[in-house]
Amino acid sequence: MKRSLLLLVVLLCIGQLAMADVITNVDRTRGTAGDRDDIGVFDKNTDPMASDSRLMDGAKVYSDRTYTFSDTPLDLVGFEYIRTFNTDKDKANIMVNYAVTISEPAILAIAVDDRIPDEYKTSGSTVVFDSQQEAVDLIVHKWAAPGLFVDTGLNLTILEDGERQMSVYASQGELPAGTYDFGLHPVNKNFYLLGASPEPATLALLGLGGLVLRRRKR
């Protein structure tokens, strides 16, 4: 009886630790102001809304849109993520910054709109990026070397007017606890998404433990 009770206590403690927040603070600065659902009126320094749940189907994507996730890959269900502001995709104001603080070593992830860069090339518009990788590298250019974030081959599906796909890039290995700046996004496609998960579970799920990452064929 005592052993069973002790085991139950241990399992409850492990469960609570597993659900503890890795992302402890998000400070948004120099964004674009607006008035959109869900958040209502916001200014350039309004911080993102808290997520109602971890990443899963039906969860809200942005602070300033009612878009939801659909067909979420099982490998990503349960990830912590940040409800960034889609209004920050404003090409006239590219200096937005999200300072993200993590309380323990973790894998960080960035999801980028799959319309970058192909739609620019086929429409005859000025090409901002030659690849999605360039877009990701620019977002973290203040502190990360090019190629630190790599394509996992996983996509997030967002329900808006139709379905939009976003490719998920993850850091190669854990990043230490601290604050990381995510910035420039000089395109008018869906604003990027940010997420985090402690390393051991993430490495197993995403295959980042020394395995070669393969790009999804589009």
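A pocket here is an open set of grid points with protein on both sides within 12 Å along at least five of seven lines, and its lining residues have an atom within 4 Å of a point. With that in hand, let's look at this predicted model.

The largest pocket comes in at about 320 Å³. Its lining counts 16 residues, and I23, A50, S51, E80 and Y81 sit closest to the centre. Two elements, β1 (23-29) and β5 (80-82), each hand two or more residues to that lining. Strand β1 is the top contributor, with four residues. As for chemistry, the lining splits up like this:

| Class of lining residue | Residues in the largest pocket |
|---|---|
| Nonpolar | seven residues |
| Polar | four residues |
| Charged | five residues |

Now over to helix α3, which spans residues 132-139. Which of its residues are buried? They are Q132, A135, V136, D137 and I139. The general helix rule is handy to keep in mind here: an α-helix has 3.6 residues a turn, so residues three or four places apart point the same way. The cover over the buried residues of α3 includes four strands: β7 (106-113), β8 (149-159), β9 (163-171) and β10 (178-182).

One of those strands, β9, is also home to S167. Is S167 buried or exposed? With a relative accessible area of 0%, S167 counts as buried, because the cut-off for that is under 20%. The S167 side chain has a polar partner, too: it makes a polar contact with the side chain of D114 at 2.5 Å.

Conventions:
Residues numbered from 1 in each chain as written. Predicted model: local features only at pLDDT ≥ 70, side-chain atom pairs only at ≥ 80, totals over all residues. Heavy atoms only, no water. Buried < 20%, exposed > 50% of the residue type's maximum accessible area, 1.4 Å probe, protein only. Contact = heavy atoms within 4.5 Å. 1 Å grid on protein atoms, 1.4 Å probe; cavity = no way out; pocket = protein on both sides within 12 Å on 5 of 7 lines; lining within 4 Å. Points joined across faces, edges and corners; volume = space filled by probe spheres on them. Nonpolar A, V, L, I, M, F, W, Y, C, P; charged D, E, K, R; others polar. Polar contact = N/O pair within 3.5 Å; in protein donor to acceptor, adjacent residues only side chain to side chain.
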